[in-house]
There are 2 protein chains.
Amino acid sequence: MAEQEGACLIRGDGGAALRAVLDRIADKWALLIVATLDRRRLRFTDLRRELPAVSQRMLTRTLRNLERDGLVSRTAHREVPPRVEYALTATGRSLLAPALVLARWAREHGAELER
Amino acid sequence: MAEQEGACLIRGDGGAALRAVLDRIADKWALLIVATLDRRRLRFTDLRRELPAVSQRMLTRTLRNLERDGLVSRTAHREVPPRVEYALTATGRSLLAPALVLARWAREHGAELER
DNA sequence: CCGCATCCACCACGATACTG
DNA sequence: CAGTATCGTGGTGGATGCGG
């Protein structure tokens, strides 16, 4: 019954709400960046060091998207040399729980995804 | 602490496991089709009727992907006229719970995603 | 230190038309 | 009924180089 209700919740509006979320977090790096910022406030260069696989361009782009979506806050200190810090907003932190559920599923069922 | 552990779970392998899952379900229609097949076995045309927004091409392609990934089973009955039925596999059903968590988050926080 | 600009390959997605 | 074939478009993401 809970599952039947679940499918309805997903299909409710034709999946638009769920897709709107996926469109914003399902790119290659967004969730990884959010997870890296968990309970930390990091500078741009710190993020680069923590995520060496992310190109500079995509790190900038993804951070801008996350900022626009209200998941990450950007603080530019007017200093020399420049210093910019990124942190999760309340909304960003609340996203970690759903992401964690997906990550758990990936660990348990990832092997069942062929190829 | 659970959350701290959560971020580690997400970042564990550089996010590869989570991305592997997202790459497969984050397209425009996959999760919607999975939700539509919840506890039902449907024919191709039934799916088209339930999901009018999905073009015929994308329905075919997405079903093929879901089948390849082991989330959906395809049964072609050798009859005239042809009859093909789609249903969730055990793995496919297990995906509904994480999807539901995301859908709930979308309902609660979707309004906070600007623009 | 923190980016932005440019160029380019690739793929998701849609529209349309056709088939066993 | 259940697809396949073809074409076209937009967006993503990598490499590289420049700028304040």
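How many nonpolar, polar and charged residues make up the surface near DNA strand C? Seven are nonpolar, four are polar and eight are charged. Before going further, a caution: this is a predicted model.

Let me stay with strand C. The residues around DNA strand C number 19. The ones that come nearest are A:Thr45, A:Thr60, A:Arg74, A:Tyr86 and B:Lys28. So both chains are on that list, A and B. Now look at the DNA side. Of the atoms of DNA strand C that come within 4 Å of the protein, sugar and phosphate account for 63%.

Three polar contacts here. Start at a base. A:Gln56 puts a polar side-chain atom 2.7 Å from a base nitrogen of DNA strand C. Next, the phosphates. The side chain of A:Arg64 has an N or O atom 2.8 Å from a phosphate oxygen of DNA strand C. B:Lys28 also reaches a phosphate oxygen of this strand, at 2.7 Å, but with a polar backbone atom.

Which elements supply at least two residues each to this surface? From chain A, they are α4 (44-50), α5 (56-68) and β3 (83-88). From chain B, it is α5 (56-68).

On to strand D. Here 20 residues surround the DNA. Nearest are A:Lys28, B:Thr45, B:Gln56, B:Arg74 and B:Tyr86. By class, the surface near DNA strand D has seven nonpolar, four polar and nine charged residues. Sugar or phosphate holds 61% of the atoms of DNA strand D within 4 Å of the protein, and bases hold the rest.

Again, three contacts. An N or O atom in the side chain of A:Lys28 is 2.8 Å from a phosphate oxygen of DNA strand D. The side chain of A:Arg57 goes to a base: one of its N or O atoms is 3.0 Å from a base nitrogen of DNA strand D. B:Pro82 uses a polar backbone atom, 3.3 Å from a sugar or linking oxygen of DNA strand D. As for elements, α5 of chain A gives two or more residues to this surface, and so do α4 (44-50), α5 and β3 (83-88) of chain B. The most comes from α5(B), with four residues.

Now the strands behind these surfaces. Take chain A. Is β3(A) mostly covered or mostly open? Mostly covered: five of its six residues are buried. β3(A) pairs with β1 (residues 42-43) of chain A, antiparallel, through two bridges. One pair to look at is A:Arg43, whose bridge partner in β3(A) is A:Glu85. β3(A) also pairs with β2 (residues 72-77) of chain A, antiparallel again, over six bridges. There, A:Val72 stands opposite A:Leu88. A hairpin of five residues links β2(A) to β3(A).

Chain B next. Its open sheet has three strands in the order β1-β3-β2, with antiparallel pairing. Why does one side of β1 (42-43) and of β2 (72-77) in chain B lack a neighbour in the sheet? Both stand at the edges with a single partner strand each, so one side of each is left free of a neighbour. Two bridges hold the antiparallel pairing of β1(B) with β3(B). B:Arg43 faces B:Glu85 of β3(B) in that pairing.

Last item, the helix. α5(B) lies across β2 and β3 of chain B. Against β2(B), it runs at about 110 degrees. And α5(B) is the element we met at strand D, with its four residues on that surface.

How values were computed:
Residues numbered from 1 in each chain as written. Chains lettered and ligands numbered in written order. Predicted model: local features only at pLDDT ≥ 70, side-chain atom pairs only at ≥ 80, totals over all residues. Heavy atoms only, no water. Near = heavy atom within 4 Å. Polar contact = N/O pair within 3.5 Å; in protein donor to acceptor, adjacent residues only side chain to side chain. Nonpolar A, V, L, I, M, F, W, Y, C, P; charged D, E, K, R; others polar. Buried < 20%, exposed > 50% of the residue type's maximum accessible area, 1.4 Å probe, protein only. Pairing = 2+ DSSP bridges. Contact = heavy atoms within 4.5 Å. Axes fitted to C-alpha atoms, helices over the stretch in contact; angles between N-to-C directions.
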